[in-house]
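Please open the model in your viewer and keep the selection panel at hand. The stops below follow one another, each with something to select and a short account of what is there.

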Amino acid sequence: MSKRKQHAPEFKAKVALEALKGEAIYRFQKPDSWSDLTLEARMALTDDVAGLPSAFEDGALPAKQFDLLCLNSQLRLLQNDGGFSVLQQRIIRFASALEELENVPLVAKELELILDLQSDAFWEAVTVESLESVRKRLRGLAELIKPKERKIVITDFIDEIDEGTNIVMPDIGSGVDKARFKMKVRKFVEAHRDHITLNKVKFGQQLTKQDLDELSAILVSEGVTDQKTLKNLDDDGGLGPFLRSLIGLDRAAAKDAFGGFTTLHRLSADQTEFLDLIIDSLTEGGIVEPAAFYESPFTDIDDQGIAGVFSREQAKTIVAIVRTLNESAAA
């Protein structure tokens, strides 16, 4: 007996099942059926439509992961959610990783878009449609990016539990609801992106007390915050550093800050990677404390962090550059 005959009853049953569900398929092909999803409609979608087989091939796992990243970005953008900036930086890092593969023909074909994704101009005019175009054009390249191998660090020490200490959590202890405050300030930044003080924050230029006083007055007058919140924010570092952490540092400005150092020294691959990681951190978070150079992900390059990658004098120079950038956000 042939395999075709053996599977005939199973095949007929499958076709019959799909025929029974044809009514639901036809029903939900009409746009009007989605305008008011009743409980019965939701159950029909779950029971009769969601489980139907599909011949659609949606690519390898990296492509699906990039799909998810873009989808979440689109949702955050539509909701004007503060979490959008985090996903934005992930897409920028994705594009940066692809740029390193520019010699691959498939990547070279999309190089203009890849470079555009790393520019401020793209994100200033970003839309759901432009993100969808990015997803479609770059998803097939995701599997070309190879994950970097991380070093395993093994420690051998005994934990000792000391007396308890009260710790003020940065997001709630000072009386400033930063999550909510960030959302309001982010909307303000979007509406005033050409403001001279915000540009100084973004491009790492030194702020003055007058800059912050004028900006504080605008924030209060537009109902974004009040004097009490600003005073509490001063206890957490001040408005300037808060804005820098929210806006980030312009990537070109971060690179320029290290321009003299890279010109003076012939850097090894590890040193270049370490500096790129600092620039990524500044671009994403705006401010990086030098103490972080002895922690992951910096210690993934060398167990000793910056001390294992650069000489003592070089490390001192890098730390001085980073501190100058950090301090430029404070008056």
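Begin by selecting arginine 93, which at a relative accessible area of 36% is partly exposed; bear in mind throughout that this is a predicted model. Now add glutamate 284, whose side chain forms a salt bridge with arginine 93, the closest N and O atoms lying 2.5 Å apart. Because glutamate 284 belongs to helix α18 and arginine 93 to helix α6, the pair ties together parts that are 191 residues apart in sequence. Glutamate 284, with 33% relative accessibility, also counts as partly exposed.

Keep both residues selected and extend the selection to Gln89, Ile92, Ser96, Arg251, Asp280 and Thr283, which together with Arg93 and Glu284 line the largest cavity. The elements giving two or more residues to this lining are α6 and α18, and the largest share, 4 residues, comes from α6. The volume of this cavity is about 60 Å³, and by class its lining has 1 nonpolar, 3 polar and 4 charged residues.

Next, move to the second largest pocket, which has a volume of about 1,100 Å³. To find its centre, select Gln88, Arg186, Glu190, Leu246 and Ile247, the closest to that point of the 38 residues in the lining. If you colour by helix, you will see that α5, α6, α9, α11, α12, α15 and α18 each supply at least two lining residues, with α6 giving the largest share, 6 residues. The lining is made up of 12 nonpolar, 13 polar and 13 charged residues.

Stay with glutamate 190 and add arginine 193, since the side chains of these two residues meet in a salt bridge of 2.6 Å, N to O. Glutamate 190 is partly exposed at 47% relative accessible area, and arginine 193 is partly exposed at 30%.

Now turn to helix α5 (residues 61–78) and select leucine 75, which lies in it. With Leu68, Leu71 and Leu78, Leu75 forms a nonpolar patch on the surface, the four having about 380 Å² of accessible area together. Leucine 75 itself counts as partly exposed, at 35% relative accessibility.

For the last stop, select glutamate 313 and lysine 316, which form a salt bridge whose closest N and O atoms are 4.0 Å apart. Being 3 residues apart in helix α20 (residues 312–327), the two are separated by about one helical turn. Finally, select Asp67, Glu132, Arg135 and Arg139, which are joined into one network by salt bridges that share partners.

Methods. Residues numbered from 1 in each chain as written. Predicted model: local features only at pLDDT ≥ 70, side-chain atom pairs only at ≥ 80, totals over all residues. Heavy atoms only, no water. Patch = residues over 30% accessible without salt bridge, like charges linked within 9 Å, V, L, I, M, F, W, Y side chains within 5 Å. Areas by Shrake-Rupley, 256 points an atom, 1.4 Å probe, with all protein chains shown as cover. Buried < 20%, exposed > 50% of the residue type's maximum accessible area, 1.4 Å probe, protein only. 1 Å grid on protein atoms, 1.4 Å probe; cavity = no way out; pocket = protein on both sides within 12 Å on 5 of 7 lines; lining within 4 Å. Points joined across faces, edges and corners; volume = space filled by probe spheres on them. Nonpolar A, V, L, I, M, F, W, Y, C, P; charged D, E, K, R; others polar.
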